[in-house]
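User: Hello! I am new to this structure and would like to go through it with you. Could we take a few questions one by one?

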Amino acid sequence: MASAMDVAQLFLAAAPQEDYLTNLKLQKLIAYAQAVSLAYSGKELFAEELEAWTHGPVVPSVYAAFPQKAATPIPPLVSWENAVMPFDEDEQYVIQMVWTTYGRFTAWALRDQSHWDFPGRFGTKEIIPKQAIKEAFKNNLLVKRMRRADAMAESSYVLDI
């Protein structure tokens with residue numbers, strides 16, 4: 001199974017050079033990737049737990065790997081071409097959809113949104129149970145859109161004229 005750092009590495013590699021990710025934004029993208037995966041496929045992307053910190057969900061091991069201040073950009077660890085890809089097609093799809101949907105928002109917008117979207121008492125550093133995350137995201141708009149696209153792909157047919 002991949003780690004949260006594998007997910008972080010992909011997001012860092014995907015970020016445009018002029019828009020490096022900060023630790024705050026990276027944490028939210030990782031959290032959304034885990035949440036969307038849990039709700040969409042029922043599978044976790046990584047085993048590490050999310051904790052309810054003051055500024056939203058955090059994977060402590062990834063946070064500790066980047067001791068820069070929250071607003072300091074983190075340069076990519078590797079290029080996109082050299083990034084580790086321990087993810088299957090469904091997991092890559094989830095990561096891509098999260099990047100496309102949430103990657104355009106600022107760190108602070110994601111921080112604020114995460115307080116609405118994720119269960120947990122923020123500021124306590126308590127573990128946010130994965131089952132609670134899955135339940136909270138079952139009606140997430142991105143998850144619904146992904147399921148609708150799946151349903152359309154499965155029901156498509158060719159007219160025999």
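Analyst: Gladly! One term to begin with: a polar contact is a pair of N or O atoms within 3.5 Å, where, within protein, one must be able to donate a hydrogen and the other to accept it. Please keep in mind that this is a predicted model.

User: Which residue has its backbone nitrogen 2.8 Å from a polar atom of the side chain of Asn140?

Analyst: Let us place Asn140 to start with: it sits in the loop between α6 and α7. Its side chain makes a polar contact of 3.2 Å with the side chain of Tyr102. The backbone nitrogen at 2.8 Å from a polar atom of the Asn140 side chain is that of Leu142.

User: Is Asn140 buried or exposed?

Analyst: Buried means under 20% relative accessible area. Asn140 has a relative accessibility of 10%, so it counts as buried.

User: Which helix supplies the largest share of the largest nonpolar core?

Analyst: That core has 45 residues, and Phe11, Leu26, Ile30 and Val98 have the most contacts inside it. Elements that each supply at least two of its residues include α1 (4-14), α4 (89-102) and α7 (141-155). Val98, for its part, touches residues including Phe11, Leu29 and Leu142. The largest share, 11 residues, comes from α2.

User: How wide an arc do the buried residues of α5 cover around the axis?

Analyst: In α5 (residues 107-117), the buried residues are Ala107, Leu110, Arg111, Ser114 and Asp117. They lie on the same side of α5 because their arc around the axis is only 130 degrees. Their cover includes β1 (21-22), α2, β3 (56-58), α4 and α6. The arc you asked for is 130 degrees.

Conventions. Residues are numbered from 1 along each chain as its sequence is written. This is a predicted model: local features need pLDDT of at least 70, side-chain atom pairs count only at pLDDT 80 or more; totals for chains, interfaces and linings use all residues. Side-chain values use heavy atoms; hydrogens and water are left out. A nonpolar core is a set of buried Ala, Val, Leu, Ile, Met, Phe, Trp, Tyr and Cys residues joined through side-chain atoms within 4.5 Å. Buried means under 20% relative accessible area, exposed over 50%, partly exposed in between (1.4 Å probe, protein chains only). Helices (H or I, at least four residues) and strands (E, at least two) are DSSP runs, numbered from the N terminus. Contact means heavy atoms within 4.5 Å. The arc is that of the directions from the helix axis to the C-beta atoms. Lists of a residue's contacts leave out its neighbours within four places in sequence.
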